[in-house]
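User: I am new to this structure and would like to understand how its features are named and justified. Could you take me through the reasoning?

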Amino acid sequence: MSNDQHFIENLLEGVKSNQISIDEAKAQLSHYDELGFAKIDLHRAKRQGFPEVIFGQGKTKEQIDTIITSLSRHHHVILVTRINEEKANYVLEKHPHLEYHPEARIVCTPIASVQKSKYYISVLCAGTSDLPVSEEAAITAELMGITVKRYYDVGVSGIHRLFEHIHEIRQGKVSIVIAGMEGALASVVGGLVDHPVYAVPTSVGYGANFNGVTTLLSMVNSCAPGTSVLNIDNGFGAGYNAAMIMNMLEKNEDERNI
């Protein structure tokens, strides 16, 4: 039986036993919440395993507050990305149960409240300037229930810093590699591990870096197999993709043990 079938069956049983009102059941069966300026996807968690994520950039603080209120009626996990400090402070006044991660520019459900996976992924970044994107990736994965180990400032200009941790990195199930400049770190890691690598180019670099385009092209042309490249500065996408792989891995393992 699918997740949707379980959901509907439990909902009907709740109505039958008078634990859920008809109006509440109708609200839960609604596919989206119409807010006028946005249609909030209420069934995304049922389809994809995780609720709709709020992209904070370009939205007003009032709009973000309203969307969080809508999602909170249906989900216990909230994730807002690309939100600046001013908007974050406003949101936290309205929703004090959430927390702000300024380096990642994320407002979310407290990370400590989320149960973590048995296996872990590695998040690596080449330099300190790549930390905002790295933290966006790491916190996204952690909020999706993944154990994360961080290896920061391990770029190829001092490659001995990477080799010091390579055994632990190899023991992980996925690596996210974040780099600017020429993006060489992704190819190096891709040639040293036997698991999927998500490479994220950042907009960090001098003029000829073209705000990350040079890094993107370098990573796309990597000779290391098993490396997939995300968009420039897309730490969220890398964290989300890695979490999907990990959740699928652990789900399959649980099913084999039944």
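User: What makes residues 119–251 a unit with a name?

Analyst: The name comes from a record: an unreviewed UniProt entry annotates residues 119–251 as "domain: PurE", and such annotations, given here in the numbering used for this chain with feature names shortened, may be inferred rather than shown by experiment. The model is predicted, with local features needing pLDDT of at least 70 and side-chain atom pairs pLDDT 80 or more, while totals for chains, interfaces and linings use all residues. Residues are numbered from 1 along each chain as its sequence is written, and side-chain values use heavy atoms, without hydrogens and water.

User: What is the helix and strand content over residues 119–251?

Analyst: Over that stretch the chain is 41% helix and 18% strand, with the end C-alpha atoms 12 Å apart; helices (H or I, at least four residues) and strands (E, at least two) are DSSP runs numbered from the N terminus.

User: Why is the largest pocket called a pocket rather than a cavity?

Analyst: On a 1 Å grid over the protein atoms alone, a cavity is a set of points where a 1.4 Å probe fits but cannot get out, whereas a pocket is an open set with protein on both sides within 12 Å along at least five of seven lines, so the word pocket marks an open set. The largest pocket holds about 850 Å³ of space, and of its 27 lining residues the closest to its centre are Gln48, Gly49, Phe50, Met144 and Asn247, where lining means having an atom within 4 Å of a point.

User: Which helix gives the largest share of that lining?

Analyst: That is α11, with six residues.

Notes. Grid points are joined across faces, edges and corners, and a volume is the space filled by probe spheres set on the points.
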